[in-house]
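Work through the exercises below with the sequence and the model at hand. Each task is followed by a solution in steps.

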Amino acid sequence: MASSEAAFVHRENIKHFVDRLATETDEATRATLKTLLIAEEDKFAKLSERLDIVDQNILRIADLAVLQRTRVNDIRLDGDGADLARRHLQNLEQLYDLFVASRQRVVNEMVRHSL
């Protein structure tokens, strides 16, 4: 597989894992998806490319979380779907934290390589 094709597959896998993590409620499945996501991110050889991808995902998840917070705020506390909407928001917030931690790992690795 050519490097551009491999990079495309990696990016699509990352998007897929992010989308699944945003909606998955089973903790065991979420743990597996997190592991797969981190492993897929690590396949990018260039640290700068990894950083770009993590930054894109941070922005994407932040945007989704803002939209979901609005939905949660608009739902009556006991309304239909309120628990599911709150859980979805919680998933997005956890995913955001995961990407922020991943970004810090990449930055730390970049610093080590520059020394």
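**Exercise 1. Is Glu24 buried or exposed, and which side chain does Glu24 meet in a salt bridge?**

Step 1. Glu24 has a relative accessible area of 16%, so it is buried (buried is under 20% relative accessible area, exposed over 50%, partly exposed in between, with a 1.4 Å probe and protein chains only).

Step 2. The side chain of Glu24 meets that of Arg20 in a salt bridge, with 3.2 Å from N to O; a salt bridge is a side-chain nitrogen of Lys or Arg within 4 Å of a carboxyl oxygen of Asp or Glu.

Step 3. Arg20 has a relative accessible area of 32% and is therefore partly exposed.

Two notes on the source apply throughout. The model is predicted: local features need pLDDT of at least 70 and side-chain atom pairs count only at pLDDT 80 or more, while totals for chains, interfaces and linings use all residues. Residues are numbered from 1 along each chain as its sequence is written, and side-chain values use heavy atoms, with hydrogens and water left out.

**Exercise 2. How many helices and strands are there in the protein, and what are the spans of the C-alpha trace along its principal axes?**

Step 1. The protein has four helices and zero strands; both are DSSP runs numbered from the N terminus, helices being H or I with at least four residues and strands E with at least two.

Step 2. Read from the N terminus, the order of elements is α-α-α-α.

Step 3. The C-alpha trace spans about 55 × 30 × 25 Å along the principal axes.

Step 4. Of the 115 residues in the protein, 32% are buried.

**Exercise 3. Compare the end-to-end distances of helix 3 and helix 4 with their expected spans.**

Step 1. The expected span is 1.5 Å times one less than the number of residues.

Step 2. Helix 3 has 28 residues and should therefore span 40 Å; its end C-alpha atoms are 41 Å apart, which agrees.

Step 3. Helix 4 (residues 82-114) has 33 residues, so 48 Å is expected, and the distance between its end C-alpha atoms is 48 Å, in agreement.

**Exercise 4. Describe how helix 3 and helix 4 cross, and which residue classes make up their contact.**

Step 1. Two packed helices are described by the angle between their axes and the distance between the axes.

Step 2. The axes of helix 3 and helix 4 come within 9 Å and cross at roughly 160°. Axes are lines fitted to C-alpha atoms, for helices over the stretch in contact, and angles run from 0 to 180 degrees between N-to-C directions.

Step 3. Helix 3 is therefore roughly antiparallel to helix 4 (roughly antiparallel is over 145 degrees, roughly parallel under 35, roughly perpendicular 65 to 115, and the rest oblique).

Step 4. The crossing of helix 3 with helix 4 is left-handed, a term used if the near helix is turned anticlockwise from the far one by less than a right angle, with right-handed used if clockwise.

Step 5. The contact has 19 nonpolar, six polar and seven charged residues. Ala, Val, Leu, Ile, Met, Phe, Trp, Tyr, Cys and Pro count as nonpolar, Asp, Glu, Lys and Arg as charged, and the others, Gly among them, as polar.

Step 6. Buried residues of helix 3 include Leu51, Val54, Ile58 and Ile61, and those of helix 4 include Leu92, Leu95, Phe99 and Val106.

**Exercise 5. Which residue forms a salt bridge with Glu109, and how many salt bridges does the structure hold?**

Step 1. Glu109 forms a salt bridge with Arg50, and their closest N and O atoms are 3.6 Å apart.

Step 2. Glu109 is in helix 4 and Arg50 in helix 3 (residues 47-74); with their positions 59 residues apart, the pair links distant parts of the chain.

Step 3. Arg50 is buried at a relative accessible area of 9%, whereas Glu109 is partly exposed at 21%.

Step 4. Asp83 and Arg86 also meet in a salt bridge, at 2.7 Å from N to O. These two are three residues apart in helix 4, so about one helical turn separates them.

Step 5. Asp83 is exposed, with a relative accessible area of 59%, and Arg86 is partly exposed at 33%.

Step 6. The structure holds eight salt bridges.

**Exercise 6. How far apart are the C-alpha atoms of Ala62 and Tyr96, and of Ala7 and Glu49?**

Step 1. Ala62, in helix 3, is 34 residues from Tyr96 in sequence and 6.9 Å from it in space, C-alpha to C-alpha.

Step 2. Ala62 is partly exposed, at a relative accessible area of 28%.

Step 3. Ala7 belongs to helix 1 (residues 3-23) and is buried at 15%. The C-alpha atoms of Ala7 and Glu49 are 9.9 Å apart, with 42 residues separating the two along the chain.
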